[in-house]
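User: I'd like to practise reading a fold feature by feature. Could you walk me through this one?

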Amino acid sequence: ASGSEIVGLRGDALLVDDANNPKEAESKLVREHVNELYTTNIHNRVNHPEKSLRIGIQQRTHAEDWTGYIIKHYGQWTEQDPNPHKWLYVVIPAEFEPERKAVTPWGEDPRTFKGESLHPVRMSPELIIATRLQFGSQKYAGQYQQRPTLAEGGVVKMKWLRYFCYDKIQKPIAQSERKGED
């Protein structure tokens, strides 16, 4: 997490585990600090900057968390665009979403029906429902479904809303009140 120390020598593989602390996910300052720390101090702590492997594992905590930053700034690796500087982004949600089925060069998500649990023995349908209620839809979508949404909403943004005084609004004129119009 963001408060952790950077330890170890250079290596052929770099593993970043939960770069963002969920308790600090809403802090833009903390998110920017984590991203800057990766870019300036962590990214090149490898033996070979061009060939060394970099892996990030994390629950999504915010649309602009470390994973969102990596995808935006480094790009997403695909078989059609196998640029070695881009990242292979694998999403394995707790509840299967067919439209987001994980497919990698090594295999694919074996689940077939919408809502199927990632691990039915560990996460029963009842536990999934209870967890969704406990976390709330926004945090559950990020941390369990790997689909973060901004706190202000994904459809209507707070900055789009305007406050107004009701007595200054003109009442629409009904068709029957209009004079001389057809």
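User: Let's start with Asp18. Where in the chain does Asp18 lie?

Analyst: In a predicted model like this one, begin by placing a residue relative to the helices and strands. Asp18 belongs to the loop that links strand 1 and helix 1. Its backbone deserves a look too: phi of Asp18 is near 50°, a positive value in a residue other than glycine.

User: Is Asp18 buried, exposed or partly exposed?

Analyst: Partly exposed, because its relative accessibility is 29%, and the partly exposed class runs between 20% and 50%.

User: Which other residue has a positive phi although it is not a glycine?

Analyst: Gln146 is one, with phi of about 60°. Look for Gln146 in the segment after helix 4 (137-143). Gln146 counts as buried because its relative accessible area is 14%. There's also a glycine with positive phi: Gly75, which follows helix 2, has a phi near 90°.

User: Let's zoom out. What pattern does the protein chain follow along the sequence?

Analyst: Listing the elements in order gives you a quick map. Here the order is β-α-β-α-β-β-α-α, made up of 4 helices and 4 strands. The protein chain has 182 residues, of which 29% count as buried. For contacts between residues at least 6 apart in sequence, 54% join residues at least 24 apart.

User: How do strand 1 and strand 2 run relative to each other, parallel or antiparallel?

Analyst: They run parallel, joined by 5 bridges. To get the register, follow individual pairs: Ala13 has Leu53 as its bridge partner in strand 2. Between these strands the chain passes through helix 1, and that β-α-β crossover is right-handed. Going on with the pairs, Leu14 stands opposite Arg54 in strand 2.

User: Which residues of strand 1 make up its covered face?

Analyst: Sort the strand's residues by face. Leu14 and Val16 form the covered face of strand 1, while Ala13, Leu15 and Asp17 form the uncovered one.

User: On to helix 1. How far apart are its end C-alpha atoms?

Analyst: They are 20 Å apart. A length check compares that with the expected span: helix 1 (residues 28-42) has 15 residues and should span 21 Å at 1.5 Å a residue, so the two values agree.

User: Which residues of helix 1 are buried?

Analyst: Arg31, Val34, Asn35, Leu37, Tyr38 and Ile42 are. They sit on the same side of helix 1, because they cover an arc of only 150° around the axis. Lys28 and Leu29, on the other side of helix 1, are exposed.

User: What do the buried residues of helix 1 pack against?

Analyst: Strand 1 (13-17), strand 2 (53-57) and helix 2 (66-74). Asn35 makes a nice case: this helix 1 residue is buried, as its relative accessible area is 7%. Beyond its sequence neighbours up to four places away, Asn35 touches Glu64, Asp65, Trp66 and Tyr69. Its C-alpha atom is 8.3 Å from that of Ile70, 35 residues apart along the chain.

User: What happens at the N-terminal end of helix 2?

Analyst: Check for a side chain that caps the end. Asp65 does that here, with a side-chain oxygen 3.2 Å from the backbone nitrogen of Thr67. Within helix 2, Trp66, Thr67, Gly68, Tyr69 and Ile70 are buried, and their cover includes strand 1, helix 1 and strand 2.

User: Which residues is His43 in contact with?

Analyst: Loop residues can be read the same way as helix ones. His43 is in the loop between helix 1 and strand 2, and counts as buried because its relative accessible area is 16%. Setting aside neighbours within four places in sequence, His43 contacts Leu14, Tyr38, Arg54 and Tyr74.

User: Last one: where does Asp109 lie?

Analyst: Also in a loop, between strand 4 (107-108) and helix 3 (125-135). At 7% relative accessibility, Asp109 is buried. For a buried polar side chain, look for a partner: the Asp109 side chain has a polar contact with the Arg111 side chain at 2.7 Å. Apart from residues up to four places away in sequence, Asp109 touches Ile92, Phe96, Lys101 and Ala102.

Notes
Residues are numbered from 1 along each chain as its sequence is written. This is a predicted model: local features need pLDDT of at least 70, side-chain atom pairs count only at pLDDT 80 or more; totals for chains, interfaces and linings use all residues. Side-chain values use heavy atoms; hydrogens and water are left out. Helices (H or I, at least four residues) and strands (E, at least two) are DSSP runs, numbered from the N terminus. Buried means under 20% relative accessible area, exposed over 50%, partly exposed in between (1.4 Å probe, protein chains only). A polar contact is a pair of N or O atoms within 3.5 Å; within protein, one must be able to donate a hydrogen and the other to accept it, and residues adjacent in sequence count only if both atoms are side-chain atoms. Contact means heavy atoms within 4.5 Å. The expected span of a helix is 1.5 Å times one less than its number of residues. The arc is that of the directions from the helix axis to the C-beta atoms. Two strands pair if DSSP finds at least two bridges between them. A crossover is right-handed if, with the strands pointing away from the viewer, the path from the first strand over the helix to the second runs clockwise.
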